[in-house]
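Hi,

Here is the structure I promised to hand over. Could you keep it open while you read my notes below?

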Amino acid sequence: MKNKKIKCIAAITMARDDEFFLSRWIAYYGKNLGTENLYILLDGTDQQIPENAGNAHITKLEHIPMSRAAGDKYRINKLSALAHELLKEYDIVIGCDSDEFLIVDPKTNKNLFEYLSGKRIHTTLSGLGLDVGQHLYNEAILDQEAPFLEQREYALLSTRYTKPVVINKPVNWGSGFHSIKHHNFHIDKNLYLLHFGAIDMDMLEQKAKKRGTDWLNHLRRRGNGTINAVTKSKAHGEAWLRIARFLQTYCRPIYALRKPAMFGLKIVVKIPQRFKKSGI
């Protein structure tokens with residue numbers, strides 16, 4: 001139940017054939033919020049529940065084959081509806097994909113629960129998007145048992161992952177949590193959304209192989225955009241985090257005035273060492 005002094009915070013996601021990232025998602029958000037405050041939709045009755053699920057609320061849905069666009073819309077509608085229900089009991093809901101982790105800058109000396117509990121949220125809140133990728137020359141194949149940020153040091157500053165993942169009112173997300181209909185972005189100065197979908201080229205190749213030879217050949221021929229960027233581009237310092245936040249706060253493309261922009265800049269940054277304290 002709601003408490004005026006201590007806010008109730010839930011985290012939600014939906015996953016299919018993604019037990020590796022989902023178990024990491026559960027470990028991170030469970031540590032910060034308690035597994036009893038995690039709500040997970042599994043797309044398919046055949047899906048395995050991660051061993052570390054604890055007291056998480058897990059619902060298995062019948063898998064319905066559909067196009068990518070239709071599937072994205074179906075999933076986000078399910079998650080928006082879930083958030084609507086949860087906000088009857090919770091003060092805040094965090095919604096994101098299973099390979100996305102909302103962290104608080106460790107310099108605040110607060111964890112995610114403490115930080116969000118002390119924030120005045122005007123419907124939505126976003127962290128600055130960091131798309132983490134493997135530097136093919138400097139970083140080895142991922143050790144899947146070790147923390148991500150002990151092994152990866154570079155990220156592409158990405159408006160795509162500056163998502164309004166924190167809400168305190170029943171609103172409707174756009175596909176992939178990338179936007180909220182009729183609401184602007186409020187990018188917090190101490191929040192970052194780290195996306196790890198491109199954390200390891202070997203993992204990407206294994207996924208492509210399962211999808212077919214054409215997918216694998218395409219990946220090997222073209223590479224991955226994030227991995228290509230962090231491997232081939234100069235990595236900038238922390239000053240660019242502040243610059244990117246400023247640009248994304250005040251710059252908007254004409255065709256999407258409610259979405260952040262960076263004038264097409266593709267900036268790679270070195271992830272601050274202190275972010276390792278997040279435990280991811």
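Let's start in a loop: H182 is found between β8 and β9. The names for helices and strands come from DSSP runs (helices are H or I with at least four residues, strands are E with at least two), numbered from the N terminus. Before going on, a word on the model: it is a predicted one, where local features need pLDDT of at least 70 and side-chain atom pairs count only at pLDDT 80 or more, while totals for chains, interfaces and linings use all residues. Residues are numbered from 1 along each chain as its sequence is written, and side-chain values use heavy atoms, with hydrogens and water left out.

Back to that loop. What is the phi of H182? It is positive, about 70°, although H182 is not a glycine. Most residues other than glycine have a negative phi. N109 is another case, with a positive phi of about 60° and again no glycine. You'll find N109 in the loop between β5 (100-104) and α3 (112-117). Are these two residues buried or exposed? Buried means under 20% relative accessible area, exposed means over 50%, and partly exposed is in between (1.4 Å probe, protein chains only). H182 counts as exposed because its relative accessibility is 70%, and N109 counts as exposed at 69%.

Now zoom out to the whole chain. The secondary structure comes to seven helices and 11 strands. Along the principal axes, the C-alpha atoms fill a box of roughly 50 × 45 × 40 Å. The radius of gyration is 18 Å, which agrees with the value near 19 Å that a compact globule of 280 residues would have. (That radius is taken over C-alpha atoms, and the globule rule is 2.2 Å times the number of residues to the power 0.38.) Of the 280 residues, 54% count as buried. Among contacts (heavy atoms within 4.5 Å) with a separation of 6 or more, 73% join residues 24 or more positions apart. As for the surface, the chain exposes about 14300 Å², and carbon and sulfur atoms supply 50% of that. (Accessible areas come from the Shrake-Rupley method with a 1.4 Å probe; for residues, only the protein chains shown count as cover.)

Next, look inside at strand β1 (residues 9-15). Seven of its seven residues are buried, so β1 is largely enclosed by the rest of the structure. Both faces are covered: one side has I9, A11, T13 and A15, and the other has A10, I12 and M14. Which strands run beside β1? Two strands count as paired if DSSP finds at least two bridges between them. β1 pairs with β4 (residues 92-95) in the parallel sense over four bridges, and A10 stands opposite V93 there. On top of that, five bridges join β1 to β2 (residues 38-43), also running parallel. In β2, L42 is the bridge partner of A15.

β6 (124-133) is another strand to find. Here 10 of the 10 residues are buried, so β6 too is largely enclosed by the rest of the structure. β6 runs parallel to β9, with six bridges between them, and L128 faces Y192 in β9. With β7, β6 runs antiparallel over four bridges, and L130 stands opposite L157. There is also an antiparallel pairing with β8 (residues 166-167) over two bridges, where T124 sits opposite I167.

β6 turns up again next to helix α6 (residues 225-232), whose buried residues are T226, I227, A229, V230 and T231. What covers them includes β6, β7 (154-157), β9 (187-198), α4 (201-211) and β11 (268-270). At the start of α6, a side-chain oxygen of N224 comes to within 3.0 Å of the backbone nitrogen of T226.

Last, the cysteines. How many disulfides does the structure hold? Zero, where a disulfide is a pair of cysteine sulfur atoms within 2.5 Å. Take C96: the closest cysteine sulfur is in C8, 19 Å from its own, so that is too far for a bond. C96 counts as buried at 0% relative accessibility, and C251 is buried as well, with a relative accessible area of 14%.

Enjoy exploring!

Methods. A polar contact is a pair of N or O atoms within 3.5 Å; within protein, one must be able to donate a hydrogen and the other to accept it, and residues adjacent in sequence count only if both atoms are side-chain atoms.
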